[in-house]
Amino acid sequence: MKLEEMFATRADRLKASEIRELLKLLDQPDIISFAGGIPDPALFPAEAFQAAYTRALDAQHQAKALQYSVSEGYLPLREWLADHMASIGVPCDVDNILITSGSQQALDYLGKLMLSPGDTALVNWPTYLGALAAFNAYEPRFDRLDLGVNHDVSDYAERAEAAGGRVKFAYLSADFSNPTGETVDAAGRVRLLDMADTLDCAIIEDGAYQALRYDGQAIKPILAMELDQKGDLEACRTIYCGSFSKTLSPGLRVGWIVAAKPVIAKLVLMKQAADLHSPTINQMAIHGVAEACFYEHVSNLRAAYSARRDAMLAALADHMPEGVEWTRPEGGMFVWITLPKGMDGATLLDRAVREERVAFVPGGAFFADGSGTNTIRLSFSNSDKTAIDEGVARLGAVLRRSLSD
Ligand SMILES: Cc1ncc(COP(=O)(O)O)c(C=O)c1O
């Protein structure tokens, strides 16, 4: 018997990315890697976590910390989040909030909740690879969300219908997106809200990097703008996904969803069926650390990461050959590079690792249609200034050689 023959058709869509396999090899000490979009572990608030876990396991709290709990999430954390969301323009009740195991689980649940096979999800070209992977399991088709140009919105609906479904949602990261680092301006956010009203679809706003702004004016979340327009969260079509991964720690796997109550009620049932609840002890620890030092810690992160962003932009200006372009992010962890036409990011990675011991992520995987092969993503969050200077110089050297070959 071949167990593979027992797999459902949707399992065909689960493919290991070659890039992920290649990136596994990058742990060698002489490689400078701009590949992983991860926080610098030296900046974790480790002492605050130690104190929070000690408290969660003391005589007063251990029964709660170690017992089964409710699917909605740890109430004091949801209360803290209700205040936090109000501080970014989204006042809400705790009943508008579900705690998830990272925002990755939120994306999976929202795909499961909304996508029937053949439905359409609108995503940016490029978009977060993990969102494509999460939605893909529910067998949608993807169409290109491009807020920079004026679309005839009815085209989206017609294409979706022709494919046998309808547009269910537009997914995007409006602040400092992964992979490009770019931000959607206020006008773009309003355009998206208008477009979603016309299409009568949901918006999934991924706020994973929202807190990590280094300069420029903060722009209200899309959900906050919609709330201003409609006056009631229950009337809003935007679903906001948040995460503590980029601010406090990704290892605890704590994220959250804010949405109208009927959406949360259904997601709670989904969470019950999937994993009952996210680990209570981790939610308690995140709550303890958030209460103790969230805003102060985020302000320290901003200072550290913005210096690295500046170092990377300066090094790119010094070392990139003519014909290479890059984004200038106001926050987040990424700079997105467009190589001269015809150059392939995956081929360049192979050469960069072999010849110069420098690594990054080729951009093609972030495009739902497999285009964009002449792009690469660099992350500046996990390298110090010396490594950034040296790594970008090495990248410049291999690029120059590739261009002259
Ligand atoms: C844009 C974006 N959304 C969501 C996630 C998932 O993060 P987590 O599940 O750790 O909250 C990531 C992680 O890299 C991300 O870049």
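This section describes the two sheets, the helices packed on them, one pocket and the aromatic pairs of a predicted model.

Seven strands make up an open sheet of mixed pairing, with the order 2-8-7-6-5-3-4. Strand 2 (97-100) and strand 4 (141-144) form its edges, each pairing on one side only. From one strand to the next, the twist averages 25°. Within this sheet, strand 3 (residues 120-123) is joined to strand 5 by four bridges in the parallel sense, and Val123 stands opposite Tyr171 of strand 5.

Helices lie across this sheet. Helix 4 crosses strand 2, strand 7 and strand 8, and its direction makes an angle of about 115° with strand 2. Helix 9 (residues 222-230) lies across strand 5, strand 6 (202-206), strand 7 and strand 8, running at about 145° to strand 7.

Another open sheet consists of four strands in the order 9-10-13-12, paired in the antiparallel sense. Strand 9 (325-326) and strand 12 (361-362) each have a single partner strand, so one side of each of these edge strands is left without a neighbour in the sheet. Strand 9 is paired with strand 10 (residues 334-338) through two antiparallel bridges; Trp326 has Ile337 of strand 10 as its bridge partner. Helix 11 (residues 280-319) lies across strand 9, strand 10 and strand 13 (375-379), at about 20° to strand 10.

Strand 10 also contributes to the second largest pocket, as one of the elements that give two or more residues to the lining; the others are strand 5 (167-172) and helix 8 (186-199). The volume of this pocket is about 510 Å³. Its lining comprises 29 residues, and those nearest the pocket centre are Asn124, Trp125, Pro126, Thr180 and Glu182. By character, the lining residues divide into 13 polar, eleven nonpolar and five charged.

The aromatic side chains were examined for ring pairs, and the count comes to eleven. Among them is the pair of Trp80 and Phe244, whose ring centres are 6.0 Å apart; their planes stand at 45°, so the pair is classed as tilted. Trp80 belongs to helix 4 (residues 75-87), whereas Phe244 is found in the loop between strand 7 (238-243) and strand 8 (255-258); the pair therefore ties together parts that lie 164 residues apart in sequence. Helix 4 is also in place across strand 7 and strand 8, the two strands that flank the loop holding Phe244.

Methods:
Residues are numbered from 1 along each chain as its sequence is written. This is a predicted model: local features need pLDDT of at least 70, side-chain atom pairs count only at pLDDT 80 or more; totals for chains, interfaces and linings use all residues. Side-chain values use heavy atoms; hydrogens and water are left out. Two strands pair if DSSP finds at least two bridges between them. Contact means heavy atoms within 4.5 Å. Axes are lines fitted to C-alpha atoms, for helices over the stretch in contact, and angles run from 0 to 180 degrees between N-to-C directions. On a 1 Å grid over the protein atoms alone, a cavity is a set of points where a 1.4 Å probe fits but cannot get out, and a pocket is an open set with protein on both sides within 12 Å along at least five of seven lines; lining residues have an atom within 4 Å of a point. Grid points are joined across faces, edges and corners, and a volume is the space filled by probe spheres set on the points. Ala, Val, Leu, Ile, Met, Phe, Trp, Tyr, Cys and Pro count as nonpolar, Asp, Glu, Lys and Arg as charged, and the others, Gly among them, as polar. Rings of Phe, Tyr and Trp (its six-membered ring) pair if their centres lie within 6.5 Å; planes under 30 degrees apart count as stacked, over 60 as edge-to-face and the rest as tilted.
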